[in-house]
Amino acid sequence: MNWLQGRFATAIAIGAIFGALSRFYATELAKSIWGREFGFYGTFLINVTGCLVIAYILTLATELIHNISPELRLMTTTGFCGAYTTFSSYELEARDFLEKGNITMLVIYLIGSAIVSMLAIQVGVLLARASNKKFYK
Amino acid sequence: MRRPFSVDALLYNAAMSDIINILMIAAGAVAGALARFYITEWTKAKFSPKFPYATFAINLTGCLAIGFFFTISQGITGYPSELDLLIRIGFLGSYTTFSTYGFDTLTLWRSKQIMTTVFYWLGSVIFGLGAVVLGAAIAKLI
């Protein structure tokens with residue numbers, strides 16, 4: 001049961017603080033640029049970039065660098081990426097479209113986020129594999 | 001020497017409210033991420049690793065909660081924004097995750113279980129929306 005170690009919890013906590021604050025400021029920035037109803041632009045960008053980062057790090061950790069410390073991995077993926085991206089805000093924004101009867105945006109936002117984020121995952125994996133080739137040329 | 005509307009007082013209040021906001025978000029985020037981590041570890045020990053039960057359940061319960069708390073906050077005048085930051089932006093935003101969901105989908109895809117992958121990928125989204133609606137409905141009953 002070594003996942004009860006305080007070190008893992010501390011690492012995750014640190015990553016989570018940075019992730020959540022980044023998410024908050026990013027959505028506030030989106031609202032200040034595009035308007036108060038356009039926070040979902042921020043959420044979309046956050047989720048997509050977060051997916052890219054987590055795919056990059058996890059691919060590096062599992063396929064390429066074999067001695068990454070678990071604390072570092074937890075801090076960056078479970079902590080940062082996990083807190084930086086959000087599923088609940090995404091669904092709440094979708095429900096807002098539903099409530100307003102804006103079915104077009106509902107579908108575009110729901111499916112669009114899902115698809116683009118999976119593309120970002122793939123890009124993250126490819127970037128990780130490509131960076132390996134650069135180092136060991 | 002009371003100058004209630006001095007620039008100093010305004011700046012102080014602005015700075016304090018910023019700090020309080022940051023503390024609220026941070027506190028919620030730590031709790032949310034740790035909850036997500038412990039639930040995931042416990043689930044990995046108990047259930048088959050073939051399906052991301054933990055992330056699925058976490059995202060769905062998080063959506064249920066956000067529907068509930070958001071609706072509550074809309075219904076109460078003077079609902080403190082700090083509480084909203086703590087619960088919704090801090091805790092629920094950190095508790096639920098899109099990145100883990102995305103990587104789980106990739107892992108499922110690589111395991112060649114196509115039907116399961118599609119179920120997880122689309123099911124999370126659709127059931128998540130249903131969870132928000134359900135949470136909101138429950139809040140309205142109160």
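Two residues count as touching here if their C-beta atoms, placed from the backbone, lie within 7 Å. Keep that in mind as you look around this structure, which is a predicted model.

Let's start with one residue, Ala33(B). Leaving out residues up to four places away in sequence, Ala33(B) touches Ile12(A), Ala13(A), Ala16(A), Thr78(A), Gly79(A), Gly82(A) and Ala83(A), plus Ser94(B). Ala33(B) also turns up in the largest nonpolar core, a group of 70 residues. Along with Ile12(A), Ala16(A), Ala20(A), Ala55(A) and Ala29(B), Ala33(B) ranks among the residues with the most contacts inside that core. Which helix gives the core its largest share? That's H2(A), with 12 residues. As a bit of background, nonpolar side chains tend to be buried together in soluble globular proteins.

Now for the place where the two chains meet. Chain A puts 37 residues into the contact, and chain B puts in 38 residues. On the chain A side, the elements that give two or more residues are helices H1 (6-34), H2 (39-64), H3 (70-84), H4 (88-99) and H5 (103-135). H1(A) gives the most, with 10 residues. Here's how the chain A side splits by class:

| Class on the chain A side | Count |
|---|---|
| Nonpolar | 23 residues |
| Polar | 11 residues |
| Charged | three residues |

What about chain A as a whole? Chain A has five helices and zero strands, so to speak an α-α-α-α-α pattern when you read along the sequence. The C-alpha trace of chain A spans about 50 × 35 × 30 Å along its principal axes. Of the 137 residues in chain A, 46% are buried. If you take the contacts in chain A with a separation of 6 or more, 72% of them link residues 24 or more positions apart.

Over in chain B, have a look at helix H4, residues 99-110. Its 12 residues reach 17 Å from the first C-alpha to the last, close to the 16 Å expected at 1.5 Å a residue. Is H4(B) mostly covered or mostly open? H4(B) is mostly covered, with nine of its 12 residues buried. The buried ones are Ser99(B), Thr100(B), Tyr101(B), Gly102(B), Phe103(B), Asp104(B), Thr105(B), Leu106(B) and Leu108(B). After H4(B) comes Lys112(B), and the phi of Lys112(B) is positive, near 70 degrees.

How values were computed:
Residues are numbered from 1 along each chain as its sequence is written. Chains are lettered from A and ligands numbered from 1 in the order in which they are written. This is a predicted model: local features need pLDDT of at least 70, side-chain atom pairs count only at pLDDT 80 or more; totals for chains, interfaces and linings use all residues. Helices (H or I, at least four residues) and strands (E, at least two) are DSSP runs, numbered from the N terminus. Ala, Val, Leu, Ile, Met, Phe, Trp, Tyr, Cys and Pro count as nonpolar, Asp, Glu, Lys and Arg as charged, and the others, Gly among them, as polar. A nonpolar core is a set of buried Ala, Val, Leu, Ile, Met, Phe, Trp, Tyr and Cys residues joined through C-beta atoms within 7 Å. A residue is buried if 20 or more other C-beta atoms lie within 10 Å of its own, exposed if 12 or fewer, and partly exposed in between; C-beta atoms are placed from the backbone. The expected span of a helix is 1.5 Å times one less than its number of residues.
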